[in-house]
Amino acid sequence: YFEVENIASYLSCDDGDIGNSTFILNVYVACESTGGCTLTLGYWKTHSIYGPAPYDDNWATLGDADGDGILEEEDETFFQSGQTYYEVLWTPPAGNVYYVLAPQYIAAELNFLNGADPTEAQEAFDNATALFIVTNPDDCYKLKGQAKKAWTTPAAVLDDYNNGLIGPGHCDDNDPEYQSEEFIDLEDNGVAEQDGYALMQNFPNPFDNATKFGISLPVSARIEINIYSLTGQKVATVFSGTLDEGSHIFNYNLPSGMSPGIYIYSLESSEITLFKKMNIH
């Protein structure tokens, strides 16, 4: 993502009057995923057929993961979870180590399929596979001590692998000049809606200091409002908790060190996930 300043100037032939006007042009460069490197959990969450980012066809390389004879990509059933790969990715851990490990496992599996060298993550991946084969999410709620560590240890290794701290490195590291791998084409204005849930355009937008987020809920629900970079990495949580049915407004003050550019903000619950785009000057 780049900002280019354009200046239009004039000189009046009648009276010699001069003036100018400035416009900031937002420029996006879509960088191809090169393989041989890893992409984050956030990337794989947002680059399925459900968006909001462009579809990454590595989802199609999962094959028939659940063995039902149907190729379903992100809708393949994930082991004994009773959920699809996509649903597992978007399930908050809420203290359950199953959902600490499973999303990182899925991201690592897709990174393997994308051509990233698996060597430094293979042992953790294989240990996790053995756990998922014999365990469902309900079995993990009350795990303690060493039993819990059996899940969190491979999760930490796979997290490091997906973020490029070990292994071949993260794809974004190939060229720090680019802040995003994909162009995300989302509408600037209007309301994102689904099943009675609504996420309004933040106001003001663009902004450089503070903004407001508006949402509407059809029922009382536990929700999160999160902010993501264009690469899918979560950079902030605006709100996390339970709200009553109706409309709600949240004030958000920009933290120091948050770079200017385009970001994605979301309304997330167990029922839906809605996204919109915002611009920080």
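**Exercise 1. Is F132 buried or exposed?**

*Task.* Decide how F132 and its ring partner sit in this predicted model, and say what their pairing joins.

*Solution.* Start with the accessibility of F132: its relative value is 0%. Buried means under 20%, so F132 counts as buried. Now turn to F78, which also has 0% relative accessibility and therefore counts as buried.

Next, look at the rings. A pair of aromatic rings is described by the distance of the centres and the angle of the planes. The whole structure holds 23 aromatic pairs. One of them joins F78 and F132, with 4.9 Å from centre to centre and 70 degrees between the planes. Planes over 60 degrees apart count as edge-to-face, and this pair is edge-to-face.

Finally, place the two residues: F78 is in the loop between α1 and α2, while F132 belongs to helix α4 (residues 122-134), so their pair ties together parts 54 residues apart in sequence. Both residues also belong to one aromatic cluster, whose members include Y85, Y105 and W151.

**Exercise 2. How is the pair of F239 and F250 classed?**

*Task.* Work out the class of this ring pair from its angle.

*Solution.* The ring centres are 5.0 Å apart and the planes meet at 40 degrees, so the pair is tilted. F239 lies in strand β7 and F250 in strand β8 (residues 246-253), eleven residues apart. For F250, the relative accessibility is 12%, so F250 counts as buried.

**Exercise 3. What should helix α3 span?**

*Task.* Compare the expected span of α3 with the distance between its end C-alpha atoms.

*Solution.* Helix α3 covers residues 98-113, which makes 16 residues. At 1.5 Å a residue the expected span is 22 Å, and the end C-alpha atoms are 22 Å apart, so the two agree. As for its surroundings, 14 of the 16 residues of α3 are buried. Just after the helix, G115 has a positive phi of about 100 degrees.

**Exercise 4. Which residues lie nearest the centre of the largest pocket?**

*Task.* Describe the largest pocket by its volume and lining.

*Solution.* Begin with the volume, which is about 1,100 Å³. The lining has 37 residues, and K45, L89, W90, T91 and E268 lie nearest the centre. By kind, the lining divides into 16 nonpolar, 13 polar and eight charged residues. Among the elements that each supply at least two lining residues are α1 (41-46), α2 (85-89) and β10 (273-280). Helix α3, from the previous exercise, is another such element.

How values were computed:
Residues are numbered from 1 along each chain as its sequence is written. This is a predicted model: local features need pLDDT of at least 70, side-chain atom pairs count only at pLDDT 80 or more; totals for chains, interfaces and linings use all residues. Side-chain values use heavy atoms; hydrogens and water are left out. Helices (H or I, at least four residues) and strands (E, at least two) are DSSP runs, numbered from the N terminus. The expected span of a helix is 1.5 Å times one less than its number of residues. Buried means under 20% relative accessible area, exposed over 50%, partly exposed in between (1.4 Å probe, protein chains only). On a 1 Å grid over the protein atoms alone, a cavity is a set of points where a 1.4 Å probe fits but cannot get out, and a pocket is an open set with protein on both sides within 12 Å along at least five of seven lines; lining residues have an atom within 4 Å of a point. Grid points are joined across faces, edges and corners, and a volume is the space filled by probe spheres set on the points. Ala, Val, Leu, Ile, Met, Phe, Trp, Tyr, Cys and Pro count as nonpolar, Asp, Glu, Lys and Arg as charged, and the others, Gly among them, as polar. Rings of Phe, Tyr and Trp (its six-membered ring) pair if their centres lie within 6.5 Å; planes under 30 degrees apart count as stacked, over 60 as edge-to-face and the rest as tilted.
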